[in-house]
Amino acid sequence: MARLSEHGIRLSSMSPSFLSSNSTSHTWPFSAVAELIDNASDPGVSAKQIWIDVVKEGGQLCLTFTDNGSGMTPNKLHKMLR
């Protein structure tokens with residue numbers, strides 16, 4: 001069984017090659033933000049609100065994106081990230 005995050009989500013790992021290929025699909029930061037917003041409004045998700053916050057993680061400032069859509073199960077999230 002995988003370790004759980006503080007929110008009860010199973011932790012996953014990704015191949016560096018996946019991260020490299022995924023990072024090249026958005027050559028402009030705002031296209032990645034637009035993709036997150038677009039995903040929140042996909043059919044079946046139907047988010048009505050999206051929050052973008054800045055948090056400090058490990059000494060680095062990070063953007064977090066949260067919506068009130070239907071979300072996904074922990075299993076679906078784990079499968080998507082591996």
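Strand 1 is the main giver to the nonpolar surface patch in this predicted model, with 3 residues coming from it. The members of the patch are I37, I50, I52, V54, L61 and L63, and together they offer about 560 Å² of accessible area. Strand 1 covers residues 50–57 and strand 2 covers residues 60–67; each of the two supplies at least two residues of the patch.

What about I37? This residue sits in helix 2, which spans residues 29–40. Is I37 buried, exposed or partly exposed? With 36% relative accessibility, I37 is partly exposed, because that class lies between the 20% and 50% limits.

It helps to place the patch within the whole protein chain. The chain holds 3 helices and 2 strands, and reading from the N terminus their order is α-α-β-β-α.

Here are the chain-wide values side by side:

| Property of the protein chain | Value |
|---|---|
| Buried share of the 82 residues | 7% |
| Share of contacts with a separation of 6 or more that join residues 24 or more positions apart | 27% |
| Exposed area | about 6,800 Å² |
| Share of the exposed area from carbon and sulfur atoms | 57% |

So how much of the protein chain is buried, as a share of its 82 residues? Buried residues come to 7%. As for the surface, carbon and sulfur atoms supply 57% of the about 6,800 Å² that the chain exposes. When you look at the structure, the patch can be found by starting from I50, I52 and V54, then going on to L61 and L63, and finally to I37.

Methods: Residues are numbered from 1 along each chain as its sequence is written. This is a predicted model: local features need pLDDT of at least 70, side-chain atom pairs count only at pLDDT 80 or more; totals for chains, interfaces and linings use all residues. Side-chain values use heavy atoms; hydrogens and water are left out. Patches are made of residues with over 30% relative accessible area and no salt bridge: like charges are joined within 9 Å, nonpolar side chains (Val, Leu, Ile, Met, Phe, Trp, Tyr) within 5 Å. Accessible areas come from the Shrake-Rupley method with a 1.4 Å probe; for residues, only the protein chains shown count as cover. A salt bridge is a side-chain nitrogen of Lys or Arg within 4 Å of a carboxyl oxygen of Asp or Glu. Helices (H or I, at least four residues) and strands (E, at least two) are DSSP runs, numbered from the N terminus. Buried means under 20% relative accessible area, exposed over 50%, partly exposed in between (1.4 Å probe, protein chains only). Contact means heavy atoms within 4.5 Å.
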